[in-house]
Structure formats: structure tokens, C-alpha cells
Amino acid sequence: MSKQRKKLRGTVEKVIKPVVAGQAEKAQIDVHEADPLYKEIRIENAVTDENGKKAHLRQGAEVDVIVEADSNATTKADDL
């Protein structure tokens with residue numbers, strides 16, 4: 001099954017340390033093309049490189065945010 005995707009640019013605004021021991025560190029990302037009310041997302045601050053090595057995002061880092069869906073979960077642009 002094919003995938004439909006959209007790539008958005010973003011910037012890591014801040015890295016949030018866990019409040020409770022054992023919880024994951026978070027990265028707050030400002031998604032440049034999003035509506036003002038929905039620009040910020042928070043994700044676990046854990047990424048992997050092409051070799052599977054783990055890393056963390058730094059504040060100020062430019063990132064890509066990819067939205068991906070199976071083709072059966074989308075409609076053609078003509079149908080809208």
C-alpha cells in the first residue's frame with residue numbers, strides 16, 4: 001500500500017527536562033507552516049541516526065516533521 005506524506009519544517013524551541021524521575025525528556029518543536037494555535041508540538045526527545053544510534057535534539061535545531069498516511073486514508077485533492 002502506498003503512503004501519502006507532507007514534510008514540514010520546524011525548530012526545536014526548547015528541551016524540557018522531566019519533572020518526575022523516570023519520565024522522558026521532551027523536545028518542544030515550533031512547526032513553521034502550522035496555524036498559530038497549533039504551532040507547538042512536544043515529543044519525546046529521542047531520535048536515531050541511519051545506523052540506529054540514539055541521539056537527542058538540541059535547542060535551536062532545524063528539523064523536518066513528516067505527516068504520513070496510507071493512501072486509503074486520504075482523498076484526491078479534486079474531491080475536496
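Modeller: Before we start, a residue is called buried here when its relative accessible area is under 20%, exposed when it is over 50%, and partly exposed in between. Also, this is a predicted model.

Colleague: Fine. Is Gln28 buried or exposed?
Modeller: The cut-off for buried is under 20%. Gln28 has 4% relative accessibility, so the verdict for Gln28 is buried.

Colleague: And which strand holds Gln28?
Modeller: Residues 26–31 form one strand, and Gln28 falls inside that range. The strand that holds Gln28 is S2.

Colleague: Which side chains make polar contacts with the side chain of Gln28?
Modeller: There's a polar contact at 2.8 Å to the side chain of Arg42. Another, at 2.7 Å, goes to the side chain of Glu13. For Gln28, then, the partners are Arg42 and Glu13.

Colleague: Leaving out residues up to four places away in sequence, which residues does Gln28 touch?
Modeller: One stretch of the list includes Thr11, Val12, Glu13 and Lys14, along with Ile16. Glu13 also shows up as a polar partner of the Gln28 side chain. The rest of what Gln28 touches is Glu40, Ile41 and Arg42.

Colleague: Let's zoom out. How many helices and strands does the chain have?
Modeller: From the N terminus on, the elements read β-β-β-β-β-β. The tally for the chain is zero helices and six strands.

Colleague: In what order do the four strands of the open sheet come?
Modeller: The pairing is antiparallel throughout this open sheet. S1 is joined to S2 by six bridges and to S6 by nine bridges. Read across the sheet, the order is S3-S2-S1-S6.

Colleague: Which strands stand at the edges of that sheet?
Modeller: The sheet is open, in the order S3-S2-S1-S6. An edge strand here has a single partner strand, so one side of it is left without a neighbour in the sheet. That describes residues 40–44 and residues 62–70, which are S3 and S6.

Colleague: What does the twist average from one strand to the next?
Modeller: Going from one strand to the next, the twist averages 40°.

Colleague: Back to S1. Which residue in S2 is the bridge partner of Thr11?
Modeller: Thr11 sits in strand S1, which runs antiparallel to S2. Val12 stands opposite Ile29 in S2. For Thr11, the bridge partner in S2 is Asp30.

Colleague: Is Thr11 buried or exposed, and which side chain does its own side chain make a polar contact with?
Modeller: At 18% relative accessibility, Thr11 comes in under the 20% cut-off, so Thr11 is buried. Thr11 touches residues including Gln28, Gly60, Ala61 and Val63. Its side chain makes a polar contact, at 2.8 Å, with the side chain of His32.

Colleague: How far apart in space, C-alpha to C-alpha, are Lys6 and Ile66?
Modeller: Lys6 is in strand S1, and S1 runs antiparallel to S6. Lys6 is in contact with Val65, Ile66 and Val67, among others. The pair is 60 residues apart in sequence, but in space the C-alpha atoms are 5.8 Å apart.

Colleague: Is Lys6 buried or partly exposed?
Modeller: Partly exposed covers the range between under 20% and over 50%. The relative accessible area of Lys6 is 48%, so Lys6 is partly exposed.

Colleague: Which residue in S6 does Gln4 stand opposite?
Modeller: S1, residues 3–16, takes in Gln4. S1 and S6 run antiparallel, and the residue opposite Gln4 is Ala69.

Colleague: Which strand gives the largest share of the largest nonpolar core?
Modeller: That core has eight residues: Leu8, Val12, Ala27, Ile29, Val31, Leu57, Val63 and Val65. S1, S2 and S6 each supply at least two of them. The largest share, three residues, comes from S2.

Colleague: Among the core residues, which ones does Val65 touch?
Modeller: Val65 itself belongs to the core. Its contacts include Lys6, Lys7 and Ile41. Those that are also listed in the core are Leu8, Ile29 and Val31.

Colleague: Last one: what radius of gyration does the chain have?
Modeller: The C-alpha trace spans about 50 × 35 × 25 Å along its principal axes, and 18% of the 80 residues count as buried. A compact globule of 80 residues would be near 12 Å, but for this chain the radius of gyration is 16 Å.

Methods:
Residues numbered from 1 in each chain as written. Predicted model: local features only at pLDDT ≥ 70, side-chain atom pairs only at ≥ 80, totals over all residues. Heavy atoms only, no water. Helix = DSSP H or I, 4+ residues; strand = E, 2+ residues; numbered from the N terminus. Buried < 20%, exposed > 50% of the residue type's maximum accessible area, 1.4 Å probe, protein only. Polar contact = N/O pair within 3.5 Å; in protein donor to acceptor, adjacent residues only side chain to side chain. Contact = heavy atoms within 4.5 Å. Pairing = 2+ DSSP bridges. Axes fitted to C-alpha atoms, helices over the stretch in contact; angles between N-to-C directions. Core = buried A, V, L, I, M, F, W, Y, C linked by side-chain atoms within 4.5 Å. Rg over C-alpha atoms; globule rule 2.2 N^0.38 Å.
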